[in-house]
Each structure stands twice: as C-alpha cells, then as structure tokens.
Amino acid sequence: MVFSFLKAPALSPRLHRLKNSALFATLTPLELKIVDGLLHERVYLADEIIFDEGEEGHAIYMVVSGHVTISRTVDGKIESVASLVPGAFFGDLALIDNSPRGAQARAADNCELAVFFRADFLALMNTDAVIGYKVSLALAHHFAQYVRARYAGQPQVEVL
Amino acid sequence: MNPRDQRAGPVVWTCIIAATCVLLVLLEKMLFLAVPFLLAIILYYALVGPTQRMIRSGVSRNSSALTIVGLFFAIIALAGYLAVSSSKSIPNGTLQNVLGHYMDGGIAFVSNTALALETNFPLLHQMRLNDLVNARYAAYSENFAQRHLADILLSIAAGVPSALLAPFLAFFFLRDGTRFGRFLARAVPNAFFEKTLYLMHEVDLTARRYFQGLIKLTALDTIVLAFGLWSIGVSSPIVLGLISALLAWVPYVGSICGCMMVVMVASTDAPNDPLVAYGAIIVFVLVRLLDDFVFMPLTVGRSLRIHPLITVLMIFIGGAVAGITGLMLVVPLLGIVMVVGETLGRLITNPRLRARHRNAIALRTRQASADLLL
C-alpha cells in the first residue's frame, strides 16, 4: 500500500511490556522505541538487594518480570510495605531529585528490571519535550494516587 | 548529598595526578591514534545534539550520523573553498610560493623593525642589530631543508592518514556511542550498577562540558580576532582568526605560532606600513588577554572545576612529560581522571556495596549449584 508508512509500526513483545507499564502507557510506538534505547536491563536473583533505604537514588526501576518487595525500617524493625508485580515501577522520586531512597527494594523472586537513569530522563526532557511531559504526567498521576490513598488512610501505593 | 560534593583526599589526588601522567606518556607513544581520537571526540560533542534530534524525529541512528557528519564536512569544504577563493592577497602558485611570499613579508618586517630600533637606539646600532638578525636568520634558513624539512614532511605524511580517521571515528561515536555505554554498563555487577551509571554520566558530562566549552571558546576567539584584524585592515580576517583560535588549543606554543602567522600576513599585506603589523600584535595580545580572563572562565574554565593552580601546574607537567600532546590533552584528561578517581574511590571504599556484591555472588553460586552435590 502507498500509505502503509502512515500506519503505526507493530510493537515488539519487549515494547509491549514497556507499554504495559503505567509510566509509558501513553507513549506512541516511536516514542517507546526512543525510550527503550535509553533503558538498561538488569537481572536480579531472588533475595538480591536492588537498592537500600537511605541510598542516593539516580534511577527509576520498572518490573518487567518477577516480583519485587519494598520494605522499610520502622522503629528498628523491617516492615514489608509493598509487593510489586510486572508493569509496576519504583524509585520514582529519583527522577524528581537526588533524594535518598525512602525504602529498601529487594527481588522477591528471580526478576528482570528495566532501569531508566535520571540523567537520561533529564536529557530526554531537553531534546524531546513530548516524551518528557508524558512521562512526567504519568509520574504526577502516580503521586496523586499516593496522596489520595494517604488521605483515605490506606497507603497502598508507594512513592520511593 | 551529591557524590561530587564529597571532595577527594590527598591520597586520591596523588593517584589522580600519577594516573594522568601515565596516560599522557601512553598517549604520546600512541600519537597516531591519540590525535584522530581527540579530533573525533571534539567532532562528536559538536555534532551529538543535532544527531540526537534527528534520531528522535524518527530517522535511523545510522542515517542520522551519516547525514550530520556528511553535512558538517560539506559545510567545512564549502567554507574553505569560499575563504581561499575570496582571499585577494594570496598569490597564485604552489603552496611553497604562498608560504615563501608570507615568510618574505615577515622577514622584511623583522628586518625593518631592527633597522628602526637601530635608528632610535645608538647602542643597538653599535651592536649592528640588523646584521645580527639577518646573520642568525641566514644561518638558520641555510640548512633548514637538510636539517628540518625532511622531519616535518615525514611527520605530516605520517599524521595525515591517521587524521583522516577522525571523521570515521566521529561517525561511529555518533552512531554507536549510546549502545556502547549500555554495553559497558551491562558488565557492571548489580550492586555497583547505579553508582557506575552515575560515574559514566559524570565522565561524559565532564568531557562534554570541556569540549563544547572549547568549541564555544574557539568561536568567540575567531569572531573577536577577526573583528580586530578587519578593523586594522588585515586581509582574510576570518580565516586568520579561525586558524589562530584553533592553534590556541595548544597552550602557550599555539598562541605564539598564531601571533607569528598574523604578523607575517599583516606585514606582507602592508610592507611599507609597519603600523599594521604592530596593530596586529596589539590586537592579538588584547584578544589573548580577553580569552584568558573573560572567555576562558566563561566557557572551559567552568567545565572542570579544578583549582587554577593545579591546572597551570598540570599544563607544565603535561608539557614536560608528553610535549605538545601533553600540553593539549592534560587538562581534559585530568578532568576525566579526576571524576573517575573520585567516584571509584567512593565505590571501592563503600563497605555496604561490597557486602551486597558478595551477597549477590553467594546467591548466584547457590542457585547455580542447587541440584549439585558439592
């Protein structure tokens, strides 16, 4: 077809998995491909620490496969505060600033994570404002959910 | 707290300076590779912005890099052609004739200046300053071809093919730079991964700030020097300004060569009016002062955050250790080694990260040997 180039390209299984993440749900296939070029893949074994509470954050993590446990030290005791499934993301405060991590992230089972480095995100904001605003809006939605859950007294959403 | 805010101690700094000196010695030994790499890195940082914009507009990485590098060299070739064809004072003939023409102009200027000094200062007349200058020049130029020309031509012949590597290297840096960064990051253990990403980003940022600062500094120097030379009536001011600004990349030596070139052209343009050549020297010195005290702190100076005393000392050490290459490379190299040294120092001395790495190794070993009798 003459106008076939106007059709959106088919998403690879990898891009499909990225599209399933709330952070990238609104991105077009081309935008997803651009973001995918910036992501790092990491594989963690069950019980391996991804980051520690209080550690300086430089990146946001997305669960591609497996599960991740988020735990926090409260009064000297470690409390599990969330269990994340594929499609979820964590470490989101690192995209906003270099603040210390608010909790520890640990692989609950063997898992594959996609890592979005803060400097890459900021560079993307400069060179491709549309992707930057879409990702920022997704982050804002996430924070809004967290605030609403806090007001309702049931914080099921975690911001790290 | 930002990791860069935690400054390194004297031991780390000693290691940083020692590592910089070792790298300079190695670079000098591999000059045939160091020069094209340096040119390619400068090209990379000049062209990385437009290339990334093309990639993000949907063009493939390969086509973007090829188009931008091709366009850049087409513009350079066109600008070079226009500059040469628009120069009125360049005589027709071979390169040797052109060089000879300007050399004669420069020698006549020196000779006239010596004569003028003899006229005004009887002591210099008694010393026969002009005869002394002419004799020295004759002694130097008499056997110049036998003593130096072969070496110069050989080094140019050896340098040209390697310099031609620069556009190819720049193309591959632009096309595969990001992928290479991700490839390197894959080799890093999980425990150190985030900090290493930060380290790589800081190294890139330091090099980017330095080389982009250098490009801005070159543009500023070219514009100001060209304006100054144009205002006193020297021909081809933009070409002279650009060549002088490029020569200034080599600290001290480059500026002296640039000044000599400008004076030779100015004295050839106006052989009967030495004021033009004196004016060119004054303009050149003023531009160097502006460069050192205004432009440099605004561009390159801000990029590395190294104490000025250390920078000056390292320039001397670089020159002593690796000659012209050392002078050129010591500052950016020190900046990069400083970032790597400071961050590696913090990574290696962090007991929690090392414990997490040991834990990850133990987990991998346990998983790999789960169904084995050991």
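Of the 160 residues in chain A, 33% come out as buried, where buried takes 20 or more other C-beta atoms, placed from the backbone, within 10 Å of a residue's own. This is a predicted model, with local features needing pLDDT of at least 70 and side-chain atom pairs counting only at pLDDT 80 or more, while totals for chains, interfaces and linings use all residues. Residues are numbered from 1 along each chain as its sequence is written, with chains lettered from A in the order in which they are written.

Chain A packs in five helices and eight strands (DSSP runs: H or I of at least four residues for helices, E of at least two for strands, numbered from the N terminus). Their order along the sequence is α-α-β-β-β-β-β-β-α-β-β-α-α. As for contacts (C-beta atoms, placed from the backbone, within 7 Å), 70% of those in chain A with a separation of 6 or more link residues 24 or more positions apart. The C-alpha trace of chain A spans about 65 × 30 × 30 Å along its principal axes.

On to the interface: 19 residues of chain A are in contact with 20 residues of chain B. On the chain B side, α2 (31–56), α8 (165–186), α9 (190–231) and α15 (351–368) each supply at least two residues.

Elsewhere in chain B, helix α11 (residues 253–269) has 17 residues and should span 24 Å at 1.5 Å a residue (times one less than the number of residues); its end C-alpha atoms sit 25 Å apart, which agrees. Buried residues of α11(B) include B:G258, B:C259, B:V262 and B:D269.

Technical notes:
Two residues are in contact if their C-beta atoms, placed from the backbone, lie within 7 Å. A residue is buried if 20 or more other C-beta atoms lie within 10 Å of its own, exposed if 12 or fewer, and partly exposed in between; C-beta atoms are placed from the backbone.
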